[in-house]
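Welcome! Here is a short guided tour for anyone meeting this structure for the first time. Take a look at the view below, then read on.

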Amino acid sequence: MKEYPKKENPFKLLGQHLEAIGTGLKYLVKPTRITLMYPEESMVLPTGYRGMIRLYKDVCIGCTLCAMVCPADAMKMVTEEGKKLPMINYGRCVFCGFCVDICPVDALKETGVHDAAFTNRRELIFDPDKFSQDFDQPPTMDKPVRKVRAKIDEKKGIVYEPDD
Amino acid sequence: MTEEVEKILKGGLEVEIVPVEGELNVGPQHPGSGHMRIFVRLNGDIIEDVDLDVGYVHRSVEKLSENRNYIHLIPLIERPAILDSIHMNMAYIMAVEKILNVDVPPRALYLRSFAAEVNRIASHLYGMGIFGVFMGHSTAFMWGFGDREVWVEILQALTGARVTNSYILPGGVRRDITPVIMEMTEKAIKYTRRKLNDWKGIFVNNPNIKARTQNVGVMTKENAIRWGAVGPNLRASGVAFDVRKAEPYAAYDKLDFEIPVYKEGDAYARTLVRIEEIEQSMKMLEQIMREIPQGNILSDRFFKQIPPIRLKKWWEGQHRIVMPGYYASFRPPKGEAFARVEAGRGELAFYVISDGTAKPYRLRMITPSYRLIKVFRELAKGSRYADLVTIYGSLDYFPPEADR
Amino acid sequence: MIVFPGLIFSLITLLTAIWAERKIAAKIQMRFGPYYASKRIGGYFQLIADAIKFGLAEIIVPSNSIREFFILGPILITAFAFLPMAFIPVSQIPSSGSITSPYYRFFFDKFAGISLYQPIITPYSLLFIIAVASVVPILTVMTAWASNNRFSLISAIREGILTVAYDTLIIIALISMGIEYHTLDIASIVKTGVPGIIANPIAAFVFFVALLMGTARFPFDVAEADTELVTGAFTEYSGLLFVLSMAGPYLLTFVYSLVFATVFLGGWLPLMGIPGAILTVIKALIILFFSVFMRSVYGRYRIDQILRGGWKYFFPAALLALIIGMIGGIFL
């Protein structure tokens with residue numbers, strides 16, 4: 001069991017004041033920033049990131065396991081031309097990735113896309129046709145978006161390196 | 001009006017001394033209240049009584065659990081403490097595993113400890129950040145969130161999501177650690193050790209913070225036990241209790257670590273306990289990376305059910321397991337189980353009753369913050385109004401976790 | 001003609017101070033701060049954008065407030081925070097050779113024997129500054145009372161208690177300088193050529209701490225403590241009145257910084273004329289930036305701790321400064 005020192009002499013106290021100000025000044029002179037300048041820079045997420053999901057329509061066997069395991073009832077089965085296919089409602093999806101993991105034929109895949117915007121709730125529902133396309137919505141900017149990758153750095157915490 | 005004047009005249013101009021008493025409604029929309037209403041009864045600057053109106057972020061997890069399959073509950077159970085989700089997930093899965101009677105392979109146990117300790121560091125940094133801004137120290141707030149980002153990045157690489165990890169499954173974990181993640185963790189440990197020195201300079205050893213926290217919200221050992229405090233708050237009051245030591249789960253029986261215990265029981269001791277726990281967690285992470293055994297990360301009972309083609313692709317290719325169809329709606333045998341873990345804020349307990357169907361009959365969830373409601377109320381009595389937020393922040397109370 | 005450039009100048013320093021506060025804090029806190037409003041100059045125009053936004057916002061006056069005082073409060077606070085500038089000499093007008101030399105005789109301070117950039121020439125400028133600036137806390141209390149909000153009331157009580165503590169320090173620190181230099185005229189103090197920080201370092205330190213206290217800078221931000229009292233006395237304000245209520249304390253900080261720069265840091269010396277004025281302002285801005293830098297180092301003390309610190313440590317220190325002033329006065 002430990003105790004912290006209770007009484008401290010005024011000189012040590014002054015030293016601690018100076019230490020605090022010194023630490024502040026140190027960061028003022030040599031700032032370490034970890035901000036991602038978002039619309040200009042966009043992060044490339046690591047493989048295995050559980051982003052938005054896409055379907056491979058031809059591979060799907062319609063086993064309904066994905067709809068069964070879905071914790072949020074986001075995935076539902078629809079019958080399209082006699083074939084059972086999943087559709088997803090991103091308004092409900094919690095991106096747990098259970099459906100991708102449970103699919104016995106790997107008809108579902110996690111993409112690295114996580115930043116999408118929709119104008120209304122109907123657009124959030126992806127029918128099998130829309131679901132089986134690569135969905136990537138680049139941020140609307142005049143300039144091209146720099147793709148960066150986050151790396152952990154011993155000195156700066158997180159640095160963003162350009163992705164090539 | 002005239003009556004009053006007459007009264008005063010009769011009483012010989014006696015001035016009644018009126019104490020400055022009043023009630024103050026702090027929250028639910030207030031910079032220092034969080035998701036609750038703190039009804040403060042003030043006498044001058046001293047708080048006479050505090051009424052905590054909690055429940056603003058109640059999600060009814062326990063009732064919803066009775067209508068969900070076991071596997072569907074994993075994301076739901078994480079939600080109350082989203083920044084401590086590994087622990088939430090682990091405690092629930094441990095209870096389910098007890099009913100299912102599954103053995104977890106040692107590598108998976110080490111991985112659970114790994115994820116849990118990373119999560120604990122992130123959770124403590126978050127807590128210290130909030131604590132800092134409650135005392136007006138905005139740098140601690142930003143640093144807490146910024147330095148947490150490093151650990152969240154590791155969790156993202158390991159589990160595929162920043163906070164809602166859903167990493168632990170009955171019988172094992174979903175993904176294996178890779179050399180890349182180990183390298184990331186080593187760098188993150190070095191970074192956090194460096195940064196903790198600066199944390200000490202600007203926050204922990206700062207005389208301003210010391211003045212604000214020392215002898216504030218003092219919880220004696222007896223009171224801590226009587227009020228049911230848990231976690232770092234309990235350990236700061238001189239009670240050496242940690243579920244990781246008392247009832248080792250995951251890989252904690254094989255890990256060397258100390259539990260920091262402080263005698264004082266005030267806000268400063270609680271902060272020191274958190275700082276030292278971060279250091280201990282980093283020590284544990286190093287040991288896990290050194291000693292992690294080779295092997296499977298999912299119990300053989302489920303591993304055998306995975307189709308061989310998928311096994312080849314995912315397990316051998318990407319070091320992650322996929323779920324067998326069994327998980328979609330499994331029915332555990334009749335039974336009941338109790339499991340507890342040491343979450344970031346303290347002891348977290350789950351009690352699950354299975355009646356043989358695919359849904360739990362009853363799920364009871366006792367979160368550490370829930371127990372802090374009583375502690376908060378008792379500690380706030382008699383303190384100064386400015387210390388209300390200090391006590392609140394030092395307890396690391398997280399309203400959604402308490403409301404469930 | 002004299003006040004108007006002063007207003008524009010104050011507005012610019014105000015924007016610079018708030019911008020600097022945000023940028024300094026951002027640098028220490030691993031972020032960028034204001035950026036997008038004008039990328040080339042580091043987001044400086046963000047403050048102007050914010051001011052326009054607040055200026056166009058609706059001013060909501062709570063129905064249970066005292067309407068007149070509620071509206072007058074921030075206006076008077078800003079006015080009284082700005083007024084002391086009339087007594088601060090920023091530089092010396094050279095008798096010839098400068099574009100301001102034609103005004104040499106209008107602003108001639110016969111007590112110091114030099115002509116000054118000082119709108120109102122008086123031999124008691126230190127006294128006037130203290131007098132005018134000490135009205136501000138009273139107005140803050142009035143504002144808080146008028147807005148009829150409990151958080152504001154607590155803030156007013158804190159402000160009132162605090163005022164007694166820091167006004168004493170400011171007065172004693174400045175009086176000790178007055179005794180030391182045998183004058184209450186800032187220009188005469190500067191003219192001696194000995195900066196106050198050398199002549200009486202303790203008074204300088206006490207004055208700087210009192211400056212932080214008096215203008216609600218960290219770590220003495222108790223009257224405006226946002227996690228405890230929302231925004232203190234200005235909880236109910238919105239729109240343009242809110243801008244004014246924020247501007248007042250910053251202006252006061254700048255006024256005190258100018259006093260610090262002239263009394264303790266030697267003012268415009270060794271320059272004179274317009275370069276001298278720039279030097280004074282730069283010195284004042286350094287003090288101002290340092291006082292806003294404190295935000296990123298400290299949290300806030302509790303009111304009782306500030307009072308204890310003020311009366312137990314800084315008040316004796318101020319008395320010591322007074323004694324040093326008396327002794328130093330023999331030599332100066």
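A nonpolar patch of about 730 Å² lies on the surface of chain C, made by I179(C), L320(C), I323(C), M326(C), I327(C), I330(C) and F331(C). Please keep in mind that this is a predicted model. From the patch, the tour moves on to the two interfaces that chain B forms, with chain A and with chain C, and then to a few single residues.

**The nonpolar patch on chain C**

- Helix α13 of chain C, which covers residues 303-331, gives the most to this patch, with six residues.
- F331(C), one of the patch residues, belongs to that helix, α13 of chain C.
- Is F331(C) buried or exposed? F331(C) counts as exposed because its relative accessibility is 71%, and the cut-off for that word is over 50%.

**Where chain B meets chain A**

- In this interface, 60 residues of chain B are in contact with 46 residues of chain A.
- The size of an interface is often given as the accessible area lost when the parts come together.
- For chain B and chain A, the buried area is about 4,500 Å², and carbon and sulfur atoms give 55% of it.
- Six salt bridges are counted between chain B and chain A.
- R174(B) and D101(A) form a salt bridge, with 3.0 Å between their closest N and O atoms.
- There are also 18 residue pairs in polar contact between chain B and chain A, with both residues at pLDDT 80 or more.
- On chain B, the elements that each supply at least two residues to the side touching chain A are α3 (73-78), α6 (138-159), α7 (179-204), α8 (207-213), α12 (267-291) and α14 (308-318).
- Which element of chain B gives the largest share of the side that touches chain A? That is α7(B), with ten residues.

**Where chain C meets chain B**

- Here 26 residues from chain C and 35 residues from chain B take part in the contact.
- Chain C and chain B bury about 2,400 Å² between them, 56% of which comes from carbon and sulfur atoms.
- M30(C), T227(C) and R302(C) supply 25% of the area that chain C buries against chain B, more than any other three residues.
- Three salt bridges are counted between chain C and chain B.
- R302(C) also takes part in a salt bridge, in which its side chain meets that of D387(B) at 2.9 Å, N to O.
- Across this interface there are 15 residue pairs in polar contact, both residues being at pLDDT 80 or more.
- Two or more residues of the side of chain C that touches chain B come from each of α6 (150-181), α10 (226-229) and α13 of chain C.

**Two buried residues and their surroundings**

- L229(C) sits in helix α10 of chain C, and L229(C) is buried because its relative accessible area is 0%.
- Beyond its neighbours within four places in sequence, L229(C) is in contact with residues that include H30(B), Y385(B), F151(C) and I154(C).
- The C-alpha atoms of L229(C) and R150(C) are separated by 8.8 Å, although the two residues are 79 residues apart along the chain.
- R345(B) is placed in the loop between β6 (335-343) and β7 (346-354) of chain B.
- With a relative accessible area of 1%, R345(B) is buried.
- The side chain of R345(B) reaches the backbone oxygen of D396(B) at 2.9 Å.
- Leaving aside its neighbours within four places in sequence, R345(B) has contacts that include L83(B), D84(B), Y126(B), F398(B) and E401(B).

**Two residues with positive phi**

- Most residues other than glycine have a negative phi.
- D106(A) has a positive phi, near 55°.
- Where is D106(A) placed? D106(A) lies in the loop between α3 (98-102) and β5 (108-110) of chain A, and D106(A) is buried, at 15% relative accessible area.
- A250(B) also has a positive phi, near 40°.
- A250(B) is found in the loop between α11 (243-246) and α12 of chain B.
- A250(B) counts as buried because its relative accessible area is 13%, where buried means under 20%.

Technical notes. Residues numbered from 1 in each chain as written. Chains lettered and ligands numbered in written order. Predicted model: local features only at pLDDT ≥ 70, side-chain atom pairs only at ≥ 80, totals over all residues. Heavy atoms only, no water. Patch = residues over 30% accessible without salt bridge, like charges linked within 9 Å, V, L, I, M, F, W, Y side chains within 5 Å. Areas by Shrake-Rupley, 256 points an atom, 1.4 Å probe, with all protein chains shown as cover. Salt bridge = Lys/Arg side-chain N within 4 Å of Asp/Glu carboxyl O. Helix = DSSP H or I, 4+ residues; strand = E, 2+ residues; numbered from the N terminus. Buried < 20%, exposed > 50% of the residue type's maximum accessible area, 1.4 Å probe, protein only. Contact = heavy atoms within 4.5 Å. Buried area = accessible area lost by both parts, 1.4 Å probe. Polar contact = N/O pair within 3.5 Å; in protein donor to acceptor, adjacent residues only side chain to side chain.
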